[in-house]
Amino acid sequence: MATSSTALLHLVIPASRRRRHLVPRAAHSESAPPAASVDRRRFIAHTAAAAAVSPLVLPRWTPAARADEVPALSEWERIFLPIDSGVVLLDIAFVPDDPSHGFLLGTRQTILETKDGGNTWFPRSIPSAEDEDFNYRFNSVSFKGREGWIIGKPAILLHTSDAGESWERIPLSAQLPGNMVYIKATGEQSAEMVTDEGAIYVTSNRGYNWKAAVQETVSATLNRTVSSGISGASYYTGTFNTVNRSADGRYVAVSSRGNFYLTWEPGQPFWQPHNRAVARRIQNMGWRADGGLWLLVRGGGLFLSRGTGITEDFEEVQVQSRGFGILDVGYRSQEEAWAAGGSGVLLKTTNGGKSWMRDKAADNIAANLYSVKFLDDRKGFVLGNDGVLLRYLG
């Protein structure tokens with residue numbers, strides 16, 4: 001189904017210290033008496049004293065000593081939220097002009113707000129999002145300066161120009177192809193929006209109208225001759241499973257069945273399909289801090305692209321996922337990144353992804369961790385189901 005480049009949407013309303021073992025000296029300066037003068041009773045007394053001294057000499061590998069030497073790996077704390085159990089957290093963003101002020105989104109019409117950097121959260125009511133009898137799933141939030149956007153399903157678009165103090169609802173065209181899954185604030189009164197059918201729209205006038213950045217949906221692209229050679233592309237009628245945007249505006253998306261992936265760069269008229277380079281189906285893909293790609297497959301596999309940019313050349317990295325799926329990766333810097341997944345799996349790398357170690361911070365949390373978000377090198381969050389939110393401590 002082709003999308004038009006004409007306007008589709010219109011604005012209606014504005015190591016702790018190691019314990020030292022003090023060991024008594026087993027020998028002393030007094031000279032030993034002649035053997036003839038040592039009677040049986042004194043011999044037994046000397047033997048008992050030596051036996052009492054020996055057990056105090058503890059080897060360094062005993063459990064007590066080893067416990068003192070294990071470093072504290074956890075760099076996260078759980079933040080408890082005033083929401084019902086069963087809510088899945090989906091996105092988080094902070095106001096650049098006020099870094100302590102942020103918004104957290106989720107299912108069941110969940111919008112939470114913080115004004116202390118994410119330490120405490122409170123429910124936020126937006127009247128324009130409560131006019132109809134819908135249980136919205138809020139998918140994405142983004143800020144640029146004091147201007148922000150929220151999208152959700154069923155189709156809803158909210159906009160603020162005062163850092164979220166007030167929100168206005170912007171009506172959407174009924175002909176919008178697919179459900180909105182991602183929005184990015186790109187500048188003053190400007191934003192970029194993506195649907196799960198591959199439509200990309202941009203606005204430069206606060207959402208009064210939007211222009212299509214691609215000429216057709218992914219289904220139309222794949223069902224043409226350009227799909228030749230792409231496994232599973234013929235008669236494709238599916239949607240995106242995940243979509244991720246790089247800092248410079250490039251996108252990578254995974255098909256709903258995970259059998260191939262697609263990329264798009266600004267200026268391209270169509271999405272570009274790619275065969276997956278691994279046997280297992282793709283779970284998620286995204287961008288590394290150095291401009292390369294990471295790729296997760298079902299069953300807990302992690303792959304990194306060789307080099308940077310868009311490629312089909314990947315190599316597997318060994319991770320200790322305990323058999324649970326890894327669902328997302330977030331980079332704090334080019335060297336440090338965190339991966340999260342099912343049943344509280346939390347992994348860390350400090351060498352750009354070449355090796356990973358497991359952090360046991362969430363082992364006792366009965367939840368799946370779906371998303372890792374680093375807003376800068378000091379502020380990061382992990383979002384999960386059942387309202388689980390972890391905050392990075394550093």
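**Close-up views of a predicted model**

**View 1. Gly353 sits in the loop between strand E24 (346-349) and strand E25 (357-358).** This is a predicted model, and here we zoom in on one glycine of the chain. Is Gly353 buried or exposed? With 0% relative accessibility, Gly353 counts as buried, because the cut-off for that label is under 20%. Look for Glu336 in this view too: Gly353 and Glu336 are 17 residues apart in sequence, and their C-alpha atoms are 7.7 Å apart in space.

**View 2. Strand E22 (residues 326-331) pairs with strand E23 (residues 337-341).** The two strands run antiparallel and are joined by five bridges. To get from E22 to E23, the chain makes a hairpin through five residues. If you want one pair to pick out by eye, try Asp328, whose bridge partner in E23 is Ala340. Why is E22 described as largely enclosed by the rest of the structure? Six of its six residues are buried, so that description fits E22.

**View 3. Strands E14, E15, E16 and E17 make up an open sheet, in that order.** The pairing in this four-stranded sheet is antiparallel. Strand E14 (240-245) and strand E17 (272-275) are at the edges, and each has a single partner strand, so one side of each has no neighbour in the sheet. From one strand to the next, the twist averages 25°. As a general reminder, strands of a sheet pair through backbone hydrogen bonds, in either a parallel or an antiparallel way.

**View 4. Strand E15 (residues 251-255) and strand E16 (residues 260-264) are seen here as a pair.** They run antiparallel, with four bridges joining them. Which residue of E16 stands opposite Val254? That would be Tyr261.

**View 5. The second largest pocket holds about 230 Å³ of space.** It is lined by 16 residues, and those closest to its centre are Arg108, Gln109, Thr110, Ile111 and Pro123. Strand E4 (residues 110-114) gives the largest share of the lining, with three residues. What classes of residue line this pocket? The lining has nine nonpolar, three polar and four charged residues.

**View 6. Stepping back, the whole protein chain has three helices and 28 strands.** How much of the chain is buried? Of its 394 residues, 47% count as buried. The accessible surface of the chain adds up to about 19800 Å², and carbon and sulfur atoms account for 49% of that surface.

Note on methods. Residues numbered from 1 in each chain as written. Predicted model: local features only at pLDDT ≥ 70, side-chain atom pairs only at ≥ 80, totals over all residues. Heavy atoms only, no water. Pairing = 2+ DSSP bridges. Axes fitted to C-alpha atoms, helices over the stretch in contact; angles between N-to-C directions. 1 Å grid on protein atoms, 1.4 Å probe; cavity = no way out; pocket = protein on both sides within 12 Å on 5 of 7 lines; lining within 4 Å. Points joined across faces, edges and corners; volume = space filled by probe spheres on them. Nonpolar A, V, L, I, M, F, W, Y, C, P; charged D, E, K, R; others polar. Buried < 20%, exposed > 50% of the residue type's maximum accessible area, 1.4 Å probe, protein only. Areas by Shrake-Rupley, 256 points an atom, 1.4 Å probe, with all protein chains shown as cover.
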